[in-house]
Amino acid sequence: MYNVGQAGLTFWAPNINIFRDPRWGRGQETPGEDPLLTSDFAVAFVRGFQGENESHDTMDKSQRSGARRELKMEGVNSLQTEPSRLMLSACCKHFTAYDLDSWQGYARYTFNAVVSEQDLKDTFQPPFQRCVQDGHASCMMCSYNQLNGVPVCANYDLLTQMTRNDWGLEGYITSDCDAVAIISEDQHYATCAEDAVTDVLKAGMDINCGTYLLQNTMSAIKQGKLHESVIDQALFNLFSIRMRLGLFDGDPKQQEYGHLGPDHVCTNEHWQLALEGSRQGIVLLKNIGNTLPLLKNKISSIAVIGPNANATEEMLGDYIGIPCNPVTPFLALQNYIGNISFSKGCENVACSSNSKFSEAVDIAAKADAVVIVVGLDLTQEREDHDRVNLTLPGQQQRLVSEVAVASKGPVVLVLMCGGPVDVSFAKDDPRISSILWVGYPGEAGGQALAEILFGDYNPGGRLPMTWYPQEFINVPMTDMNMRPNSSTGYPGRTYRFYTGETVFKFGEGLSYSNYSYKFVSKDGHIILPFSSPSYREWASDYIDIDDIPCESFKFTTKLTVQNHGSMDGSHVVLLFSRYGGNFRGATHKQLIDFKRVHTVAGKATDVSFLVNPCKHFGTAMEDGRRVLAIGNHELMVGETRLSVSLKTNFLIRL
C-alpha cells in the first residue's frame with residue numbers, strides 16, 4: 001500500500017477489451033463479450049477505484065471537482081481548472097481492438113487488426129468511450145497492435161482526436177510495456193528509434209511502459225524531429241494526475257486517506273464482500289430433476305474430485321493480489337459433510353496421465369454424491385498464451401466420464417476456468433446431473449460454491465459470453481469481423497451476430513426458483529418528427545441519430561418478475577432489444593440494460609427500465625454512422641416481448 005511504501009497510486013486496470021474470441025488467453029480479465037455490459041463494468045470500476053462519489057452522476061463536467069486549483073501553462077493545451085481529486089488513478093486498457101496474444105504464428109506485438117468502421121463504432125469503442133465520458137478515467141493505455149495498418153500508440157486520430165478532443169479525456173495516455181520499441185524494431189512502421197518516439201508523442205501518447213522514451217527522446221529533439229513543446233504537453237498531462245492524487249501535498253498520512261494501512265486489508269468486511277461477489281458470479285448451467293441443492297439429510301458422504309478441487313492459486317486467475325484467506329471447494333465442503341473423500345484424479349490441469357483415475361473412480365463409487373472440479377488454469381490461458389482448443393485439457397473429459405459411470409448418486413460437474421469450454425459431452429450425459437461454471441472465483445470461491453451446492457444460496461449468475469463448440473477453432477482468430485458472411489461461411493462472433501451452434505448461450509443461467517415475466521407497459525409506437533435537407537433516398541428505412549432530438553423520446557418500461565419457487569432469490573433481469581425487420585448489419589438482439597433484483601418465494605417483484613430509442617434501438621452503418629431503423633422493434637426479457645413501433649412524420653425537402 002502507498003501509505004506504507006508498498007505500492008503507488010496509479011494502477012493500469014481495468015481490461016475492457018471485448019471477449020471476441022473464446023480462445024483469447026486474457027478473456028478471463030474482461031467482463032465478457034457484450035459492449036453494454038463491458039461499458040457498465042468500466043464505469044463502475046473506474047468510479048469506485050478513483051473514489052468518485054455518486055453525487056457526480058447529476059453534475060455536469062464543469063461541476064466535477066472538490067477544491068479546484070488553477071492549472072495553466074503557457075503554450076500548452078491545459079485545463080482551466082483541475083478536475084476532481086483522485087483516491088487512485090485507474091487506466092482503461094487496451095485501446096483498441098486488442099484481443100489476440102499468440103495464435104498460430106500471430107503475435108500481439110505485430111498483429112494488424114483490420115476492423116471496419118461499423119464494428120469499431122458498435123463493438124470495440126463503446127467501452128472506452130464510456131470509460132472516459134461516464135467513468136471519468138484518468139488514464140488510457142494504447143495497445144501493441146496496429147489498427148488498419150497504423151500502430152495504435154502512433155495513431156493521432158485515436159489518441160488525440162477521439163480520446164481527448166471528442167471524448168474529453170482528462171488524464172494521461174500510456175503505452176503498453178515496450179509498445180513504442182516494437183513500432184520500429186518489430187512492426188517496422190518507423191524507420192528508427194527517434195521516428196518511433198516522435199510518432200507516438202505527436203500522436204498524443206504521454207509516457208511509455210519501459211525505457212524507450214528515456215533512451216531516445218533527447219536524440220529525437222536534437223535531430224529536430226521533435227519539439228520540446230510536445231514534451232511539455234506530455235508532462236502537463238502526467239503531472240496533472242500526480243497533483244490530483246495529492247502527491248505534492250505533503251505527508252500522505254496527513255491526507256484524506258492517510259489513515260488506511262495493512263490492517264484495513266484482511267478484514268471480515270472485505271472477505272464477506274469477496275464471498276458475495278463469488279456467490280453472484282457462479283452460474284448454474286444444468287440441473288436435471290432439481291438435483292441441486294443437495295439435501296443434508298439425504299447425503300451422508302461426498303467425494304470431491306478433480307485437479308481444481310483443492311487448488312488455491314488456480315481459483316484466483318490472472319493478475320492477482322495475495323489472498324487473505326483462500327478457501328477451496330474441498331475445504332469448504334468439509335463444513336457441510338463429515339464423511340468426505342478427495343482425489344485429484346489428474347496430477348494437474350494438463351491431465352496428461354490417468355494414473356490417479358482408479359483412485360477417483362473408487363471414492364466416487366462409494367459416495368452418496370460426487371463433485372468434480374475441473375477446467376483450466378494459467379498454463380492453459382493467460383497473457384501471451386491463447387488456447388488452440390475449446391475442450392477440456394488432456395484426459396479431463398475421460399476422468400469426468402469414468403467417474404460419472406462409477407457413481408451411484410448425483411454427479412455435479414464444476415468448471416473452474418476463465419474462458420468457455422466445450423462440455424457438450426457432459427451437457428448431454430444424463431449421469432451428470434448438474435453443471436456449474438464458477439470462473440476463477442477468488443479466495444472465497446470454495447465457500448460460495450459449497451453454499452450453492454447445499455442450498456444456502458440460490459444461484460442467479462448469468463454467462464457473460466457465448467460458449468462455442470470445438471468446431472469454432474476452425475474460424476481464424478485473426479478475422480476481426482463481428483458480423484457473419486454467408487458467402488464465405490464465416491459465422492460471425494458473439495451472441496449479437498453469431499449464426500452457428502452453441503454449447504451455452506450468452507446470458508444463460510438457471511436458479512433453484514422458476515421465474516416468469518410480464519410487461520406492465522403496453523405495446524406502443526413512437527412518432528419521430530424529422531426534417532432534414534439531406535433526407536432523400538433512405539427516407540423509408542432509417543434516420544441518422546444525429547438528426548433526432550433523442551432526449552425527447554426516452555420512456556420507462558415496467559415489468560413484473562414472478563418467483564414461482566420455494567426459495568428467495570437474487571435474480572438478474574436481462575433486457576434486450578431486437579429489430580423486427582431486415583436491416584443490413586443489425587444485431588440478432590442486443591443487451592440494453594440489466595438489473596439484479598431480490599425476489600421473494602411465491603411473490604412478484606416490479607422492475608423498471610429507462611429506454612432511450614436512439615441508444616438502445618440504434619445500429620451502426622458500414623461507414624460508422626449511428627442510425628435508427630424505422631419500423632417494429634421489440635423489448636425482450638426471456639421469452640416475453642413488448643412491441644415498440646417507430647414511425648415518422650417526415651418533411652422532405654428536395
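In the predicted model, helix H3 (residues 126-133) lies across strands S3 and S7 and runs at about 145° to S3. The two strands belong to an open sheet of 3 strands, ordered S3-S7-S10, in which the pairing is parallel. Strand S3 (92-95) and strand S10 (172-175) occupy the edges; each has a single partner strand, so one side of each is left without a neighbour in the sheet. Averaged over the sheet and with direction ignored, neighbouring strands are turned by 25° against each other. The pairing of strand S7 (residues 139-142) with S10 is in the parallel sense and extends over 4 bridges. Cys142 is placed opposite Ser175 of S10.

Another open sheet of 3 strands follows the order S19-S25-S24, and its pairing is antiparallel. Its edge strands are S19 (542-544) and S24 (618-620), each of which pairs on one side only. From one strand to the next, the twist averages 40°. S19 pairs with strand S25 (residues 626-629) in the antiparallel sense over 3 bridges, and Tyr542 stands opposite Ala629 in S25.

Packing between helices was examined for H11 and H12. The axes of helix H11 (residues 357-366) and helix H12 (residues 396-406) come within 8 Å of each other and cross at roughly 30°. Because angles under 35 degrees count as roughly parallel, this crossing makes H11 roughly parallel to H12. The crossing of the two helices is right-handed. On the H11 side, the contact is made by Phe357, Ala360, Val361, Ala364 and Ala365, which meet Arg398, Leu399, Glu402, Val403 and Ala406 of H12. By class, the residues of this contact comprise 8 nonpolar, no polar and 2 charged. An α-helix has 3.6 residues a turn, so residues three or four places apart point the same way. Such a spacing is found in H11 between Phe357 and Ala360 and in H12 between Leu399 and Val403, residues that take part in the contact.

Helix H14 (residues 445-453) contains Glu451. H14 is mostly covered, with 9 of its 9 residues buried. These buried residues are Gly445, Gly446, Gln447, Ala448, Leu449, Ala450, Glu451, Ile452 and Leu453. The elements that cover them include helix H9 (268-281) and helix H10 (329-333), together with strand S14 (369-375), strand S15 (411-416) and strand S16 (434-437). Glu451 has a relative accessible area of 8% and is therefore buried, the limit for this class being under 20%. Apart from neighbours within four places in sequence, Glu451 is in contact with Leu275, Arg279, Tyr336, Asp456 and Tyr457. Of these contacts, Leu275 and Arg279 fall within the residue range of H9. After H14 comes Gly455, which has a positive phi, near 80°.

Ser219 is located in helix H7 (residues 212-222). With a relative accessible area of 24%, Ser219 is partly exposed, whereas Glu451 in H14 is buried. Ser219 and Glu194 are separated by 25 residues in sequence, while their C-alpha atoms are 6.6 Å apart in space.

Technical notes
Residues numbered from 1 in each chain as written. Predicted model: local features only at pLDDT ≥ 70, side-chain atom pairs only at ≥ 80, totals over all residues. Heavy atoms only, no water. Axes fitted to C-alpha atoms, helices over the stretch in contact; angles between N-to-C directions. Parallel < 35°, antiparallel > 145°, perpendicular 65-115°, else oblique. Left-handed = near helix turned anticlockwise from the far one by under 90°. Contact = heavy atoms within 4.5 Å. Nonpolar A, V, L, I, M, F, W, Y, C, P; charged D, E, K, R; others polar. Pairing = 2+ DSSP bridges. Buried < 20%, exposed > 50% of the residue type's maximum accessible area, 1.4 Å probe, protein only.
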